[in-house]
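Got your viewer open and a selection box ready? Let's take a walk through this one, stop by stop.

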Amino acid sequence: MKLIMAVVQDKDSNRLSDALVENDFRATKLASTGGFLKAGNTTFLIGTEDENVDTLLSIIRDNCKSREQLVAPISPMGGNADSYVPYPVEVQVGGATVFVLPVEQFEKF
Ligand code: 2BA
């Protein structure tokens with residue numbers, strides 16, 4: 001068994017949830033925050049058998065889009081102004097960041 005942790009953009013989370021239910025995957029959604037953009041995103045925890053992992057990855061791939069996002073400049077506030085960028089910078093936020101972890105034991109009580 002594997003635990004798939006997928007960090008996706010909030011805009012894709014409902015679509016992905018619906019696709020998971022349609023395809024009979026069980027998932028838990030956590031509200032999360034990206035460390036870099038400090039913006040909300042959604043982390044899915046999905047437990048599934050090894051033979052379903054490829055199907056699951058293609059569902060995630062098909063339902064999560066990569067987008068450009070602007071990072072607002074952060075004022076140095078008395079810090080070092082040398083690295084201060086006074087204009088928004090565009091970063092590419094991935095469709096999904098996915099970790100596939102082995103599950104040692106799975107119980108439901
Ligand atoms: P954030 O940390 O807010 O990052 C958003 C996007 O900003 C990243 O997109 C990447 O394009 C850019 N970025 C992140 N750190 C950067 C840095 N130090 N310098 C320059 N650009 C940087 P993604 O790579 O697609 O990541 C989307 C979200 O997935 C991340 O949001 C974070 O919540 C999660 N994530 C990505 N890699 C991770 C990892 N190795 N471990 C845990 N979470 C991760």
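Here is the tour, from the whole fold to the ligand and then to some single residues.

**Stop 1: the whole thing**

Keep in mind that this is a predicted model. Turn on the cartoon and count: there are two helices and six strands. Trace them from the N terminus and the order is β-α-β-β-α-β-β-β. Now colour by burial: of the 109 residues in the protein, 28% are buried. Switch to a surface and you have about 7,600 Å² exposed, with carbon and sulfur atoms supplying 53% of that area. If you like contact maps, take the contacts with a separation of 6 or more: 69% of them join residues 24 or more positions apart.

**Stop 2: the ligand**

Select the ligand and show what surrounds it. Which residues are around the ligand? You should get Val7, Gly34, Gly35, Phe36, Leu37, Asn41, Val91, Gln92, Val93, Gly94, Thr97 and Phe99. By type, this shell divides into six nonpolar residues, six polar ones and no charged ones.

Next, draw some distances to the ligand's oxygen atoms:

- Leu37 brings a backbone N or O atom to 2.8 Å from a ligand oxygen.
- Asn41 has a polar side-chain atom 3.0 Å from an oxygen atom of the ligand.
- Thr97 uses its side chain, with an N or O atom 3.3 Å from a ligand oxygen.

How much of the ligand does the protein cover? On its own the ligand has 750 Å² of accessible area, and the protein covers 52% of that. Two elements give two or more residues each to the shell: β5 (89-93) and β6 (96-102). Highlight β5 in particular, since it gives the most, with three residues.

**Stop 3: helix α2**

Select residues 53-63, which form helix α2, and pick out its buried residues: Val53, Leu56, Ile59, Ile60 and Asn63. Look straight down the axis of α2. The buried residues fall within an arc of 125°, so they line one face of the helix. There's a simple rule behind that kind of pattern: an α-helix has 3.6 residues a turn, so residues three or four places apart point the same way.

Now spin to the other side of α2, where Asp54, Arg61 and Asp62 are exposed. What do the buried residues of α2 pack against? Their partners are β1 (2-9), α1, β3 (40-48) and β6.

**Stop 4: Ser13 on helix α1**

Move to helix α1, residues 10-22, and click on Ser13. Is Ser13 buried or exposed? Its relative accessible area is 6%, so Ser13 is buried. Beyond its neighbours up to four places away in sequence, Ser13 touches Val8, Lys29, Thr42 and Phe44.

**Stop 5: Leu30 and Thr43**

Select Leu30 in strand β2 (residues 27-33) together with Thr43 in strand β3. They are 13 residues apart in sequence, yet their C-alpha atoms are 5.0 Å apart. Compare their burial: Leu30 is partly exposed at 39% relative accessible area, while Thr43 counts as buried at 9%.

Leaving out sequence neighbours within four places, Leu30 is in contact with Asn41, Thr42, Thr43 and Leu45. On the same terms, Thr43 is in contact with Ala6, Val7, Thr28, Lys29, Leu30 and Ser32. Zoom in on Ser32 in that list: the side chains of Thr43 and Ser32 make a polar contact at 2.8 Å. For one more distance, try Thr43 to Thr33: they sit ten residues apart along the chain, and their C-alpha atoms are separated by 9.0 Å.

**Stop 6: two loop residues with positive phi**

Last, pull up the Ramachandran plot. Most residues other than glycine have a negative phi. Which loop holds Asp24? Asp24 is in the loop between α1 and β2, and its phi is near 65°, a positive value in a residue other than glycine. With 63% relative accessibility, Asp24 counts as exposed.

Then select Lys38, in the loop between β2 and β3. Lys38 is not a glycine, but its phi is positive, at about 55°. Lys38 counts as exposed too, with 61% relative accessibility.

Technical notes
Residues are numbered from 1 along each chain as its sequence is written. This is a predicted model: local features need pLDDT of at least 70, side-chain atom pairs count only at pLDDT 80 or more; totals for chains, interfaces and linings use all residues. Side-chain values use heavy atoms; hydrogens and water are left out. A residue is near a molecule or strand if one of its heavy atoms lies within 4 Å of it. A polar contact is a pair of N or O atoms within 3.5 Å; within protein, one must be able to donate a hydrogen and the other to accept it, and residues adjacent in sequence count only if both atoms are side-chain atoms. Accessible areas come from the Shrake-Rupley method with a 1.4 Å probe; for residues, only the protein chains shown count as cover. Helices (H or I, at least four residues) and strands (E, at least two) are DSSP runs, numbered from the N terminus. Ala, Val, Leu, Ile, Met, Phe, Trp, Tyr, Cys and Pro count as nonpolar, Asp, Glu, Lys and Arg as charged, and the others, Gly among them, as polar. Buried means under 20% relative accessible area, exposed over 50%, partly exposed in between (1.4 Å probe, protein chains only). Contact means heavy atoms within 4.5 Å. The arc is that of the directions from the helix axis to the C-beta atoms.
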